[in-house]
Amino acid sequence: MNNRKELLASSEIESEVGKLPNLKQIIRLVLESGAAEIMLCRNEIKVPMRYKNEEKAYIIQLDAATSMLKINLRGLVIIR
C-alpha cells in the first residue's frame, strides 16, 4: 500500500503447512516494493491454538520490525 492507502500490489508467500513465513522474506519484499504500509492475510479460519499463539508473537515481531523501518502494519486479515 502506498502513503495514500491505495493497494498497488499483492504477493502470495508460500510456507510449509503449519509454519509461518520467514520474517526476513516479508521485510525484504516490503522494502523492495517501496511500500508505506502492509497487511497480512491468511485464508484459513480454523487453526490450532498453538498456531494462533505463534501467529500473535509473529505479528508482534513484524510490527516491531516494520515500525523501525517507518512502515505501517495494518494487521492480519482472515479470508474465507
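## Worked exercises: pocket, core and salt bridges

**Exercise 1. Which residues does Ile13 touch, once those up to four places away in sequence are left out?**

Step 1. Not counting residues up to four places away in sequence, Ile13 touches Pro21, Gln25, Ile26 and Leu29. Keep in mind that you're working with a predicted model here.

Step 2. Now place Ile13 in the chain: it sits in the segment before H1. Take Gln25 from the contact list. Ile13 and Gln25 are 12 residues apart in sequence, and their C-alpha atoms are 8.7 Å apart in space.

Step 3. What about solvent? The relative accessibility of Ile13 is 25%, so Ile13 counts as partly exposed. The cut-off for buried is under 20%.

**Exercise 2. Describe the largest pocket: how much space lies in it, and which residues are closest to its centre?**

Step 1. Start with the volume, which is about 1,300 Å³. A probe is a handy tool for this, because rolling one the size of a water molecule over the atoms shows where empty space is left.

Step 2. Go to the lining, which has 40 residues; Ser11, Glu12, Ile13, Leu40 and Cys41 are the closest to the centre. So Ile13 from the previous exercise turns up again, as one of the residues closest to the pocket centre.

Step 3. Sort the lining by chemistry: 24 nonpolar residues, eight polar and eight charged.

Step 4. Ask where the lining comes from. H1, S1 and H2 each supply at least two residues, and S1 gives the most, with six.

**Exercise 3. Which residues make up the largest nonpolar core, and which element gives the most to it?**

Step 1. List the members. There are 12: Ile26, Ile27, Val30, Ala35, Ile38, Leu40, Tyr58, Ile59, Leu62, Ala65, Ile71 and Leu73.

Step 2. Map them onto secondary structure. Helix H1 (23-33), strand S1 (37-42) and helix H2 (49-68) are the elements that give two or more residues. H2 comes out on top with four.

Step 3. Zoom in on one core member, Tyr58. Beyond its neighbours within four places in sequence, Tyr58 is in contact with Leu20, Pro21, Asn22, Leu23, Ile26 and Leu40. Ile26 and Leu40 are core members too.

Step 4. Put it in context: in soluble globular proteins, nonpolar side chains tend to be buried together.

**Exercise 4. How many salt bridges does a search of the whole structure find? Work through three of them.**

Step 1. The search finds five. The background is simple: side chains of opposite charge can pair when their charged atoms come close.

Step 2. Try Glu6 and Arg4, whose side chains meet at 3.2 Å, N to O. Arg4 is exposed, because its relative accessible area is 61%, while Glu6, at 36%, counts as partly exposed.

Step 3. Next, Glu37 and Lys5 form a salt bridge at 2.9 Å, N to O. This pair links distant parts of the chain, with Glu37 in strand S1 and Lys5 in the segment before H1, 32 residues apart. With 3% relative accessibility, Glu37 counts as buried; Lys5, at 48%, counts as partly exposed. There's also a network of salt bridges here, linking Lys5, Glu37 and Arg74.

Step 4. Finish with Glu55 and Arg42, at 2.7 Å, N to O. Glu55 is in helix H2 and Arg42 in strand S1, so their pairing ties together parts that are 13 residues apart in sequence. Both Glu55 and Arg42 are buried.

Definitions and conventions
Residues are numbered from 1 along each chain as its sequence is written. This is a predicted model: local features need pLDDT of at least 70, side-chain atom pairs count only at pLDDT 80 or more; totals for chains, interfaces and linings use all residues. Side-chain values use heavy atoms; hydrogens and water are left out. A nonpolar core is a set of buried Ala, Val, Leu, Ile, Met, Phe, Trp, Tyr and Cys residues joined through side-chain atoms within 4.5 Å. Buried means under 20% relative accessible area, exposed over 50%, partly exposed in between (1.4 Å probe, protein chains only). Contact means heavy atoms within 4.5 Å. On a 1 Å grid over the protein atoms alone, a cavity is a set of points where a 1.4 Å probe fits but cannot get out, and a pocket is an open set with protein on both sides within 12 Å along at least five of seven lines; lining residues have an atom within 4 Å of a point. Grid points are joined across faces, edges and corners, and a volume is the space filled by probe spheres set on the points. Ala, Val, Leu, Ile, Met, Phe, Trp, Tyr, Cys and Pro count as nonpolar, Asp, Glu, Lys and Arg as charged, and the others, Gly among them, as polar. A salt bridge is a side-chain nitrogen of Lys or Arg within 4 Å of a carboxyl oxygen of Asp or Glu.
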